[in-house]
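Visitor: I would like to learn how to read a protein model feature by feature. Where do we begin?

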Amino acid sequence: MKSNQDISQGKGTVLTAIIVLFAALLVVYLSGRSYRSMLNPPAGVDMVKPQAGFKQKMLSDYFEGIKDTPADTPVYVQEGKEKGGTVLLLGGTHANEPAAMVAGVVVLENARVEKGRLIVIPFNNPMGREHTTAQEGHPKTFTIAQKKGKGRVFRYGSRGSNPIHEWPNPDIYVHPASGQKLAGSERSNLNRCYPGRPDGHITEKLAYAIIQLIKKEKVDLAFDLHEASPEYPVVNAIVAHERAMELAAMVMMELEASGVPMRLEPSPARLRGLSHREWGDSTETLAILMETANPSQGRFRGKTDERLVLTGEDKAYKKAAALGHLYIPYKGSQTIDLRVARHVFAVKTFMEMLEFVKPDKGVIVQGLPDFQEMLDRKTGAFLAGVEG
Ligand SMILES: [Zn+2]
């Protein structure tokens, strides 16, 4: 027989269980709502206003296999009056590298092509924009301020594709073209999946579509823009495929002379799956990857918020710089304006010098700002305004 004490204890346990259950449901509801807000951002977030002359296509126009999938993304093409070469610019490989994406948008909104063609894909892994990386505390959006209006709001996403499209990742990702073994999560990383597979997983299909675009459009020079932690050796750097080395070396000297020093790294032949290796090996293009340094991605950082994304100001990074642990000059900040300016100016310089290595494939693009001009007027001045 149960005593009165047993019965009251049992009631207490049931009550506790109900409270815990409702608390758990509340956490699930709130985190689910937060997650969904990244999937369907409010109007105006990630908006672009391409310069007149750009025509919009879709990446699936180059590979049907991604049509009506979350991997499909707009491709903007502008053709000059004079015939010349073709340049491709990708800004959104890793959605947690904001200056790379914003640089792509600045080029898209300012470029006036006079000779040759310019193709821009600002959000080339849209699946990386639908979520933030777990346990990193990154903000969901950041705003580039403008003199008038609310400024331009973009999502701060993740390095990999959203797990709801690329799940479950294997324990080990075997790169199909080479047999190279990588951590399983790298199958969600577009910049480990090249040259991709038409019948592969969705990020591999996306990589395949980009390779098809490079081939079909006969792209002469292709950029993959990135950012990395300031403590990673390859920052303020150009990584070039061996066929692109001569051009990259000329550009590096030109940048140095303009007060924008850059490291130049050869694309390692055995590091497979990356754009600078596989684009160069699978297509005729001159493949270039560029990196700026983003403290909000780094491991030394403290509070991770929108301010850090925009200013790069962090006490721990100041100490790390004093101790010689960083690969950039760091005097307490690394603003997004500086990082975007580096990318845009380097892309502009590459395009200006392309005809020295491919004489009949020159590309002339007007409207892109110079380095100092971008620093003086700040990024918002080079983005179209929004109402309100
Ligand atoms: Zn990256």
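**Reading the model**

Guide: Begin with a single polar contact: the backbone nitrogen of N162 lies 3.4 Å from a polar atom of the H131 side chain. Keep in mind that this is a predicted model.

Visitor: Where does H131 lie?

Guide: H131 is in the loop between β4 (112-121) and β5 (141-144). Outside its sequence neighbours up to four places away, H131 touches Y35, M38, Y156, G157, S158, G160, S161, N162 and P163.

Visitor: Is H131 buried or exposed?

Guide: The cut-off for buried is under 20% relative accessible area. H131 has 10%, so H131 is buried.

Visitor: Which residues coordinate the zinc ion?

Guide: A metal site is read from its donor atoms. Here they are ND1 of H94, two OE entries of E97, and ND1 of H226, at 2.1 to 2.3 Å. Along the chain the donors follow the spacing H-x2-E-x128-H. H94 and E97 are both buried.

Visitor: Why is the site of the zinc ion called irregular?

Guide: Four donors count as tetrahedral if all angles lie between 85 and 135 degrees. The angles among the four donor atoms here run from 59 to 152 degrees, so the site does not meet that range and is irregular.

Visitor: Which residues have the most contacts inside the largest nonpolar core?

Guide: They are F223, I288, M290 and F350, in a core of 57 residues. Helix α9 (residues 336-357) gives the largest share of this core, eleven residues. There is also a second, separate core of 29 residues, which includes L59, I66, I119 and Y194.

Visitor: What does M290 touch?

Guide: Not counting residues up to four places away in sequence, the partners of M290 include F223, H226, A237, H343 and F350. H226 is also one of the zinc ligands.

Visitor: Which strand holds A293?

Guide: A293 lies in β12 (residues 286-293). With a relative accessible area of 0%, A293 is buried. Beyond four places in sequence, its contacts include E227, P230, N236 and R339. A293 and A237 are 56 residues apart in sequence, but their C-alpha atoms are 9.3 Å apart in space.

Visitor: What should I look for in the backbone angles?

Guide: Look for exceptions, because most residues other than glycine have a negative phi, and most peptide bonds are trans. Q135 has a positive phi near 65 degrees, and N236 has one near 45 degrees.

Visitor: Are Q135 and N236 buried or exposed?

Guide: Q135, in the loop between β4 and β5, is exposed at 84% relative accessible area. N236, in the loop between β9 (221-228) and β10 (237-240), counts as buried at 7%.

Visitor: Where are cis peptide bonds found?

Guide: One runs from W167 to P168, with omega near -5 degrees; P168 lies in the loop between β6 (152-155) and β7 (172-174). Another joins Y194 and P195, with omega about 0 degrees. P195 is in the loop between α3 (190-193) and α4 (202-216).

Visitor: How do I read the ends of a helix?

Guide: Check both sides of the helix. At the start of α8 (residues 315-322), a side-chain oxygen of D314 comes within 2.9 Å of the backbone nitrogen of A316. After α8 comes G324, with a positive phi near 80 degrees.

Visitor: Where does UniProt place the "transmembrane region"?

Guide: The unreviewed entry puts that feature at residues 12-32. In the model this stretch is 100% helix and 0% strand, with its end C-alpha atoms 30 Å apart.

Technical notes. Residues are numbered from 1 along each chain as its sequence is written. This is a predicted model: local features need pLDDT of at least 70, side-chain atom pairs count only at pLDDT 80 or more; totals for chains, interfaces and linings use all residues. Side-chain values use heavy atoms; hydrogens and water are left out. Donors are N, O and S atoms within 2.8 Å of the metal (3.2 Å for Na, K and Ca); water is not among the atoms, so sites may look incomplete. Four donors count as tetrahedral if all angles lie between 85 and 135 degrees; four count as square planar and six as octahedral if opposite donors are over 155 degrees apart and all others between 65 and 115; anything else is irregular. Buried means under 20% relative accessible area, exposed over 50%, partly exposed in between (1.4 Å probe, protein chains only). A polar contact is a pair of N or O atoms within 3.5 Å; within protein, one must be able to donate a hydrogen and the other to accept it, and residues adjacent in sequence count only if both atoms are side-chain atoms. Helices (H or I, at least four residues) and strands (E, at least two) are DSSP runs, numbered from the N terminus. A nonpolar core is a set of buried Ala, Val, Leu, Ile, Met, Phe, Trp, Tyr and Cys residues joined through side-chain atoms within 4.5 Å. Contact means heavy atoms within 4.5 Å. UniProt positions are given in the numbering used here, feature names are shortened, and annotations may be inferred rather than shown by experiment.
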